[in-house]
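Colleague: I'm new to this one, so please take me slowly through a single part, one of its sheets and whatever sits around it. A word on how the rest compares would be welcome at the end.

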Amino acid sequence: MSSTHEPAARVRVDVVDPSAYAPHYDHGLCRALARAGADVRLVTSDFRYGPVPEADGYELDRVFYRWGANVRRRRLRRAAKLAQHPVDMARYRRLSRAADVLHFQWFAVEPLDVALRPRSRPTVMTAHLVMPLRCSRLQAAARRRLYESVDAIVVHTRQARARLTGELGIDPAKVELIRHGVIEHVTAIDGAVPLPDDLAAVEGPVVLCFGILRHDHAVDVLIEAWKGVTGAELWVVGPPQIPMDDLVRDAPPNVRFVPRFITDPEIAAFFERADLVAMAYREMESSGVLATALAFGRPIVGTPVGTLADLGALGAAELVPLEDRDALRAALVRLIGDDDARARLAAGARGAARGEWSWDTIAAQTMHLYGRLLRESAGR
């Protein structure tokens with residue numbers, strides 16, 4: 001006898017990141033949503049800086065920017081992207097009709113996307129940054145209009161939620177706090193690359209500063225704080241987007257610089273070697289570096305901004321005041337010399353990675369959000 005109950009339809013979700021700004025986050029979210037029962041398609045473009053995870057349980061469609069991605073000159077790449085964007089967005093508007101929910105991680109050309117984005121399906125926008133870096137008035141106005149036009153906004157931190165609902169006046173009912181999941185695939189990657197010989201030969205504690213080096217990362221504050229720290233090395237690892245000559249010249253001899261992009265197969269060696277991860281940020285909302293440190297269960301010292309503030313409240317990070325070199329130096333010296341304190345922070349990081357910051361938790365919360373939006377859409 002057949003059942004009178006039809007099985008629930010699987011929700012069809014498009015996760016959209018046109019410029020592949022966050023391929024590791026995209027992969028983690030798509031894989032987790034697929035495990036939670038969704039049919040997921042990641043709509044994106046090629047990532048030009050290194051290998052990215054293979055699709056696992058979800059469909060991958062590189063709809064955007066098929067021409068000019070490998071042009072070396074940045075201005076030419078940007079011009080090619082801008083020229084293709086309206087055509088590619090029009091193509092995606094047609095493709096989006098196959099989805100039940102559209103979940104944009106980023107809008108690549110926000111002043112255009114206010115008009116170009118698909119509008120035929122419930123739409124979620126993840127605010128990885130409440131406002132773009134180095135935001136112009138045009139960008140700020142476009143971002144506000146996008147916030148107003150979508151059905152829901154995902155943020156990763158309490159600070160971001162407060163900014164959206166307070167400073168920007170967004171309806172709190174539209175804003176969902178869902179964490180940035182840990183970057184876990186790099187902990188067990190095929191073909192992992194060991195440390196370069198000169199780094200592998202280092203003995204003693206290592207403090208790691210990792211990521212794209214920008215003004216908001218406060219590398220200058222960290223290096224000043226490091227002056228006077230002995231018996232350990234500071235490794236500053238990642239491609240710089242700030243002038244580095246003065247910092248390198250003024251750094252103590254126990255600071256090493258690796259000023260280049262670190263590919264996925266190389267990441268594990270750096271984090272596994274680190275006794276402590278230093279994140280003396282001036283400002284931050286969510287962070288792939290922080291999500292990677294959580295995946296490896298590393299003890300973290302940082303400042304009370306963004307996700308760091310939330311982790312500090314849980315005992316999963318040691319926090320010092322912004323741009324306070326003396327306080328940072330004192331925390332570094334104490335933690336380098338205190339195995340038990342580092343172990344407590346590491347345990348907090350692992351607990352966060354298993355709890356709010358786990359992809360299964362994030363997928364369940366995100367699926368609940370999609371379900372609510374679909375019910376509201378059906379009721380209209």
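Modeller: What follows starts with one sheet, goes on to its helices and loops, and ends with the other sheet.

Keep in mind that this is a predicted model, where local features need pLDDT of at least 70 and side-chain atom pairs count only at pLDDT 80 or more, while totals for chains, interfaces and linings use all residues. Residues are numbered from 1 along each chain as its sequence is written, and side-chain values use heavy atoms, leaving out hydrogens and water.

Let's take the open sheet of seven strands, whose order is 3-2-1-4-5-6-7 with parallel pairing. Strands here are DSSP runs of E with at least two residues, helices are runs of H or I with at least four, and both are numbered from the N terminus. Two strands pair if DSSP finds at least two bridges between them. At the edges stand strand 3 (59–62) and strand 7 (175–177); each has a single partner strand, so one side of each has no neighbour in the sheet. On average, and ignoring direction, neighbouring strands are turned by 20° against each other. (Axes are lines fitted to C-alpha atoms, for helices over the stretch in contact, and angles run from 0 to 180 degrees between N-to-C directions.)

Now look at individual pairs. Strand 1 (residues 12–16) runs parallel to strand 2 (residues 39–44), and five bridges link them. Val-15 sits opposite Leu-42 of strand 2. Strand 1 is also mostly covered, with four of its five residues buried. By buried I mean under 20% relative accessible area, by exposed over 50%, and by partly exposed anything in between (1.4 Å probe, protein chains only). Further along, strand 5 and strand 6 (residues 152–155) run parallel and are joined by three bridges, with Val-124 opposite Ala-152 in strand 6.

Which helices pack on this sheet? Helix 5 is one of them: it touches strand 6 and strand 7, and its direction makes about 170° with that of strand 7. Helix 1 lies across strand 1, strand 2, strand 4 (101–104) and strand 5, at about 165° to strand 2. In all of this, contact means heavy atoms within 4.5 Å.

Helix 1 has another partner too. Its axis (residues 23–35) comes within 9 Å of the axis of helix 14 (residues 359–379), and they cross at roughly 70°. That is why the two helices count as roughly perpendicular (65 to 115 degrees; under 35 is roughly parallel, over 145 roughly antiparallel and the rest oblique). On the helix 1 side the contact includes Tyr-25, Leu-29 and Leu-33, and on the helix 14 side it includes Trp-359, Ile-362 and Tyr-370. By class, the contact has nine nonpolar, two polar and two charged residues. (Nonpolar covers Ala, Val, Leu, Ile, Met, Phe, Trp, Tyr, Cys and Pro, charged covers Asp, Glu, Lys and Arg, and the others, Gly among them, are polar.)

The loops deserve a glance as well. Most residues other than glycine have a negative phi. Ala-20, though not a glycine, has a positive phi of about 55°. Ala-20 belongs to the loop between strand 1 and helix 1, and at 6% relative accessibility Ala-20 is buried. Another loop, between strand 5 (123–126) and helix 4 (137–149), holds Met-131. Met-131 is buried too, at 15% relative accessibility. Leaving aside residues up to four places away in sequence, Met-131 touches Ala-140, Arg-143, Arg-144, Arg-163 and Leu-168.

How many disulfides are there? The count is zero, a disulfide being a pair of cysteine sulfur atoms within 2.5 Å. Cys-30 is buried at a relative accessible area of 0%, whereas Cys-135 is partly exposed at 31%.

And the other sheet? Six strands make an open, parallel-paired sheet in the order 10-9-8-11-12-13. Strand 10 (255–258) and strand 13 are its edge strands, each with a single partner, so one side of each lacks a neighbour in the sheet. Strand 8 (residues 206–210) and strand 11 run parallel, joined by two bridges, and Val-207 stands opposite Leu-276 in strand 11. Helix 9 (residues 264–273) packs on this sheet, touching strand 8, strand 9 (233–237) and strand 11, with its direction at about 140° to that of strand 8.
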